[in-house]
Every structure is written in structure tokens, then in C-alpha cells.
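User: Hi! I'd like a close look at one part of this protein, with the surrounding pieces brought in where they help. Could you walk me through it?

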Amino acid sequence: VVSAGVIMNVILAAIGFFVLFLIGFDVPPPVVGSVFPNSPAQHAGVHVGDRILEFDGKVQRDFTKIQLNVALVHEGEAVPLLVQHPDGKTDTLSITPTRSDADTTGFLQLGITGSPELQGPEPRREIIQDIKDEQGLNPPDVYAVQPGEKIVAINGEKIDPSDKKQLQSFWRLDQAVQQSGGKPVTITVSDGKTTHDAQIIPRFMPPFSGTINFAGLMPRAIINSITPDSKAKGKLVPGDVVQSVTVGTDTTRNPSPDALLQILRSAGDSDAKVQLVVLRDGKMQTVNDLTTIKLPSGKRGLGVQLDCDASHAVVGGVVRGSPADQAGISAGDSSELVVTRVGDQPVSNFYDIKQALSDAQPGKLPITFKSDAGEKTVQLSLDEQEIQFVKSLNYRIDLVLHPLSEPRKTKNFVVAAKWGVEETRDLIVQFYITLQRMFSGSVPAKNMMGPYGIVRAGADFASRGMDYLIWFLAMISANLAVVNFLPIPIVDGGLFMFLIIEKFQGKPLSPKIQSIAQLVGIALIASVFIFVTYQDIMRH
């Protein structure tokens, strides 16, 4: 009787998934869409386009289950990973999940994302409106493929838009970008009636751990995108190269993205106005009286996404303890520091610098700089680890594309029931893991979602179709089973705890103690309700 609510929630979740797999449910397949530099996946030899067949001996049927199975691995443990390459060959790799510096969830990660298709987003009204609202706030190539359009050629190599297998070969676009050396990649886009060419700009992907640097040399900052609520909207534009930032009487020239981020946070804390001098279309522009806003993270900033200016060889900062730092290189003073030569190779941007350092051998490497004081050559002491880190720095694709999906469906009632039980079990286990890591502090409590967030998420799932709504409701039911069985007075888990105490001491707790415990339980639940509702509102 005590756990009837829990059992009912579990049964409802399993039934929901059972029905879902009978009618069919589009899921993201376990196909790799990107591999972060210096990540466990990259170290293991995972490539874009690989399909993950098994992880730690468990069959992977969709991409969402990979994160759960990774979370169940003991930290530092190497596990087998069975992958199928785009050419159909399979390979068993050894991978050791770790935590990412850039991830706030505290979960172990592989350093991969799911794959999209070579077509634009769904032509839904809300998506089209979002794209219109974000005009001018992102680089032009982000929306080079509009809703309903398909990529029909990459650098002149044709893709048949009627061939589903070719449309799902995102790895071909990634391969072209990785081999571009930083030069734009041309795609041909069609809406079924007309075609046009667009340029995709390769941009360095942030490493899984550490920051983007080349033997310690960091590029200066560039404005990559602007949020709709930013006070910089209409003043800054994507592609603005930050040549200097001034707060009060303090001016920093050519700051790196990390340095600029810290300056903007400090300005927000002191409610100070910011002045930026930017390079826009080859001309200097001064942008005055920029004010910060409160970001979703709770910190303050301009509401812009920063990136690296890879198109110029201007040094924005130096990593402490790196070969560049040990060679005495410094940046950020009154003189602009420009790399002109690495070894015997002339360079004009960080794409060239990456190539020159990747080709280098361990040992001493001369590097030449130009500043107001003239040219100077220093010797970098490179080891194999530094060279491998530079080689690992790959490019990302900022295109907004339709996520790759495949139907997960069966006509076999037994298989559908089995999948339903597995899905329910996985969600319950995932919830318990999340709670455990919240209490240990490795997962921030702000990741919790309350009624307001659930309603918003439910509306979003409902707009995507009945199958998504059924999945969402089944997921909520499984989560309620966990919450209902927590050892908190007033819920089933608390009552079950009272029965255990009664069993051990031979008599029930006094009515007074039970009343006090229930009041504490109510207060706890109310506090959590207020906290998660506040977090939901702040996130949206």
C-alpha cells in the first residue's frame, strides 16, 4: 500500500514507452557529429560519422543513452567502445570518460555530439520566426541553409538530395572543413526549385579541456554572436575584432577571449560602462557606453559570445607555463604583437600557425614577431605533447541543420515491452545518479526543473508531435516514481522509512514525532519548489 504510488508511476512510464515503440518514435541515432579536441573520444580514435554500436558491452540504440551509460562508468576506468565507420568497417576502441572543464553538469563525458543531416531545420513557423528574430545577431553562414533547403554539393562534389543515405552523410561536410586549412568551404544549397552557393567559415572548436592556444599563444577576441536581449545589440556586429577594451581608465589591447570575459565580468560587478575599439570591415570603430546585463549563468556580461580571431596572427595572450611563456613572450601591452614566421614558414593567421606547429618536431623552434619595436625572434621549446595538442585542434561547423533521426519501432509486442522496461529503468537510474551527484556537489542544483520549466518543456515537446509528448509524459512519470520514493516525510518513501523504524524498535514513532517529521517534509518540499521555480524563471 505504501509504495502503490511508486509502482503506479513505474507501470505508467513502462506502458507509455511500450505504446511509443509500437507506434514508432524518431530518436537521434548514436552517430557522431563532432569530436572535441583533446577529448577522450579523440584520444580513443573516434571520428565524425562513426556509429557507436556498443559502449561497455551495452548495445546503443540512440544517442541519448550514451550519456547515461557513460555516467555509470567508474571515473578513470577504460571501457570498450565498438564503432562502425562510414565505410561499414567496425572497430573496437578503448575509451576512458573524463569530466570536461567547460561542462557544468559534473558528469563524465566522451567529448562528442550527435550528428545532423545535410538539410536545414524543419520549416515550422516558430523556427522560421526565430531565424528572423536573430537576423544580424549571428555570422551569416550560421543560417546558410534555410528551413526546407538541402545541401546538394560540397566544394562541387554532388550529393543526391533524394538519397537518404547521402543526406545523412554529415561526415562528408566535416571532412571538407577539417581539410580546408581554415579556408572557406563552398556548399551548394537547393530548395527544390533554385540553387545557390554559400561559404562555410571553419572556426576553431573549444578544447574538451584547456583553452585554445598554440604552444601557449592565444588569438585575440572576436564577437561571434549577440543575444537578443544584449545592450550591445545594434552597436556590435558578429565578426567585430576587439582591438581594445576600456573600463574606467584601464585599457587592454587585443585581449584574448578569456581575458575579455574576465574584464566584462569585472565591469558588470562594478556596474561600469565599457568602451570597445573594434576592427569592422577593415576599419576601426569605437563603441562607447556599453552596459552589461545579467546572464543566465547568474554572472554579468555584454550578452555576446566570444570567439578567437583566427584570421589574423595577432597574439591576444600567453598561457602561463607554456613554451611561449617560457620563451619570454608577452602580450596585452601598448604594442600589437604579430607572428610573422614559425620556423622557416611565413604565417599570416592562426590557421597558418597551427599548420606550422603541427609540422614541427620536438625541440627548439624559432618564431618571429613584429611589434612597434620591430622584429624579434625567440626559440620555443616544444615537446611531443604540445605538438599533439596543436594537432588536435579541429574546426567546428556553426551551420544550423536538422538533427539526424531514425525511427525506433517494432511490431513485436514482446520487444516493445522489453524496450519499455529498459527505457523506464534507464530514466530511473539516471535520476538517482543525478541526485547522488547533486548531494556530492559535482552536479549543480540549478540544473533541476520545476513546474514552470516542465510546462515549458512539455509545450515544446508537444509542438514536435504526439510521439515526443508521449515520451515526455512517460519520462515525467518515471521521475515521479523516484521522487515519490525518496526518504522524505509525507511522500511514500518517508512513510516506508517510518515502517522500517517501527520494525526495528518494535513500535511506531509517536504521533508528535511523526507530525513534526511531516512538517519538516512539507517545508523541505516547499523550499525545493520555490528554488526550482526561481531557477526556471531565471533560465527563461
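Which residues form one aromatic cluster?

Analyst: Happy to take you through it. One thing to keep in mind from the start is that this is a predicted model, and every value below is computed from its atoms.

The aromatic cluster is made of F204, F214, F350, Y351 and Y395. For context, the whole structure holds 7 aromatic pairs. Two pairs among the cluster residues are worth taking one at a time.

Start with F204 and Y395. Their rings sit 5.1 Å apart, centre to centre, and the planes make an angle of 45 degrees, a tilted arrangement. In sequence these two residues are 191 positions apart, and the pair links distant parts of the chain: F204 belongs to strand β12 (residues 203–204), while Y395 belongs to strand β27 (residues 395–396). Both F204 and Y395 are buried.

Now turn to F214 and F350. Here the ring centres are 5.2 Å apart and the planes meet at 40 degrees, so this pair is tilted too. F214 is found in the loop between β12 and β13 (217–219), whereas F350 is in helix α9, so the pair ties together parts that lie 136 residues apart in sequence. As for burial, F214 has a relative accessible area of 0% and is therefore buried. F350 is likewise buried, with a relative accessible area of 0%.

The loop that carries F214 has another feature you may want to inspect. A215 lies in that loop between β12 and β13, and its phi is near 60 degrees, a positive value in a residue other than glycine. Why look twice at that? Because most residues other than glycine have a negative phi. A215 has a relative accessible area of 1%, so A215 counts as buried.

You can set A215 beside a second residue with a positive phi. D289, also a residue other than glycine, has a phi near 55 degrees. D289 is placed in strand β18 (residues 283–290). With a relative accessible area of 47%, D289 is partly exposed, whereas A215 is buried.

Back to the cluster, and to the helix that holds F350. Helix α9 (residues 350–358) meets helix α10 (residues 384–392): their axes come within 9 Å and cross at roughly 140 degrees. Angles over 145 degrees would count as roughly antiparallel; α9 and α10 are therefore oblique to each other. Their crossing is left-handed. On the α9 side the contact is made by K354, L357 and S358, and on the α10 side by I387, V390 and K391. Sorted by character, the residues of this contact are 3 nonpolar, 1 polar and 2 charged.

To place this part in a wider setting, here are a few other spots in the model. Helix α3 (residues 64–71) has 6 of its 8 residues buried, so the rest of the structure largely encloses it. The buried residues of α3 are K65, I66, L68, N69, V70 and A71.

W471 sits in helix α13 (residues 466–484). Its relative accessibility is 19%, and since buried means under 20%, W471 counts as buried. The C-alpha atoms of W471 and N155 are separated by 40 Å, with their positions 316 residues apart along the chain.

V520, in helix α15 (residues 511–539), has a relative accessible area of 52% and is therefore exposed. The C-alpha atom of V520 is 31 Å from that of D426, and the two residues are 94 apart along the chain.

Finally, K233 lies in the loop between β14 (221–226) and β15 (241–247). K233 is partly exposed, with a relative accessible area of 43%. The C-alpha atoms of K233 and G136 are separated by 9.1 Å, and these residues are 97 apart along the chain. Leaving aside neighbours within four places in sequence, K233 is in contact with L137, I226 and P228.

If you go back to the viewer, a good order is the one used here. Begin with F204, F214, F350, Y351 and Y395, which form one cluster. From F214, step to A215 in the loop between β12 and β13. From F350 in helix α9, carry on to where α9 and α10 cross at roughly 140 degrees.

How values were computed:
Residues are numbered from 1 along each chain as its sequence is written. This is a predicted model: local features need pLDDT of at least 70, side-chain atom pairs count only at pLDDT 80 or more; totals for chains, interfaces and linings use all residues. Side-chain values use heavy atoms; hydrogens and water are left out. Axes are lines fitted to C-alpha atoms, for helices over the stretch in contact, and angles run from 0 to 180 degrees between N-to-C directions. Helices (H or I, at least four residues) and strands (E, at least two) are DSSP runs, numbered from the N terminus. Angles under 35 degrees count as roughly parallel, over 145 as roughly antiparallel, 65 to 115 as roughly perpendicular and the rest as oblique. A crossing is left-handed if the near helix is turned anticlockwise from the far one by less than a right angle, and right-handed if clockwise. Contact means heavy atoms within 4.5 Å. Ala, Val, Leu, Ile, Met, Phe, Trp, Tyr, Cys and Pro count as nonpolar, Asp, Glu, Lys and Arg as charged, and the others, Gly among them, as polar. Rings of Phe, Tyr and Trp (its six-membered ring) pair if their centres lie within 6.5 Å; planes under 30 degrees apart count as stacked, over 60 as edge-to-face and the rest as tilted. Buried means under 20% relative accessible area, exposed over 50%, partly exposed in between (1.4 Å probe, protein chains only).
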